[in-house]
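Colleague: I should be grateful for a close look at one part of this model, namely the nonpolar core. Please also set that part in the context of the chain as a whole.

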Amino acid sequence: MNVGSIADTLRFVERAAPRRRVLFYFNTPYYGVDDLFLPPDARAVAAETIVRLKRQGYPILNSAPGIRAAATGRFPHPLRYTVVVDATGEYRCCRAVANPDVCRHCGYSACAEMELIRQWHPLAIREALRCA
Ligand code: SF4
């Protein structure tokens with residue numbers, strides 16, 4: 001629903017929270033594919049918009065390879081080294097780990113960033129270090 005408002009969102013963040021940066025995620029269809037789901041071609045367009053705005057200096061935390069990997073799903077996942085814990089238990093990667101249909105459309109761009117860092121991707125490492 002907000003895919004057409006990426007630049008507006010960033011301008012709002014610049015005004016409302018100076019020096020903060022935005023980590024963009026894609027909808028993950030936990031409850032099934034619905035109107036919030038972005039098909040692959042629309043994800044690719046959104047990822048390139050984010051990369052272009054980042055190059056223009058907008059406050060974006062995603063690395064260019066990270067948001068592209070999140071858009072295409074071309075990174076190894078579910079992750080083996082992250083855990084979500086809640087009142088119902090512990091889940092490797094996230095609560096959807098037992099559902100490959102959800103993982104196939106994973107929109108957690110943080111997973112892509114972590115995996116690229118683990119693979120020593122220099123641009124992902126550079127962005128992560130800027131957070132430190
Ligand atoms: S949907 Fe959840 S379990 Fe699957 S890859 Fe994404 S974060 Fe990991």
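Modeller: The account below begins with the chain, turns to the core, and ends with the parts beyond the core.

The model is predicted. The chain has 6 helices and 2 strands, and their order along the sequence is α-α-α-β-β-α-α-α. For 132 residues, a compact globule would have a radius of gyration near 14 Å, and the 15 Å of this chain therefore agrees with that expectation. Along the principal axes, the C-alpha atoms fill a box of roughly 40 × 35 × 30 Å. Of the 132 residues, 27% are buried. Among contacts with a separation of 6 or more, 66% join residues that are 24 or more positions apart.

In soluble globular proteins, nonpolar side chains tend to be buried together. Here, the largest nonpolar core comprises 21 residues, and I50, I67, A70, A71 and A112 have the most contacts inside it. Helix 2 (40-55), helix 3 (64-72) and helix 5 (109-118) are the elements that each give two or more residues to this core. The greatest contribution comes from helix 3, with 4 residues.

I67 merits individual attention. When residues up to four places away in sequence are left out, I67 touches F24, A47, I50, V51, N62 and S109. One of these partners, I50, is itself among the core residues with the most contacts.

A second point of interest is A44, which is found in helix 2. The C-alpha atom of A44 is separated by 5.7 Å from that of A71, although the two residues are 27 residues apart along the chain. A44 is nevertheless classed as partly exposed, because 14 other C-beta atoms lie within 10 Å, whereas a buried residue requires 20 or more. A71, by contrast, belongs to the group with the most contacts inside the core.

Two further features complete the description. The first is the pair of strands: strand 1 (residues 83-86) and strand 2 (residues 89-92) pair in the antiparallel sense over 4 bridges. A hairpin of 2 residues joins strand 1 to strand 2, and V84 has Y91 in strand 2 as its bridge partner. The second is the surroundings of the ligand, where 13 residues are found, the closest being H77, C93, C94, C103 and C106. By class, this shell holds 11 nonpolar residues and 2 polar residues, with no charged residues.

Definitions and conventions. Residues are numbered from 1 along each chain as its sequence is written. This is a predicted model: local features need pLDDT of at least 70, side-chain atom pairs count only at pLDDT 80 or more; totals for chains, interfaces and linings use all residues. A nonpolar core is a set of buried Ala, Val, Leu, Ile, Met, Phe, Trp, Tyr and Cys residues joined through C-beta atoms within 7 Å. A residue is buried if 20 or more other C-beta atoms lie within 10 Å of its own, exposed if 12 or fewer, and partly exposed in between; C-beta atoms are placed from the backbone. Two residues are in contact if their C-beta atoms, placed from the backbone, lie within 7 Å. A residue is near a molecule or strand if its C-beta atom, placed from the backbone, lies within 6 Å of it. Ala, Val, Leu, Ile, Met, Phe, Trp, Tyr, Cys and Pro count as nonpolar, Asp, Glu, Lys and Arg as charged, and the others, Gly among them, as polar. The radius of gyration is taken over C-alpha atoms; the globule rule is 2.2 Å times the number of residues to the power 0.38. Two strands pair if DSSP finds at least two bridges between them.
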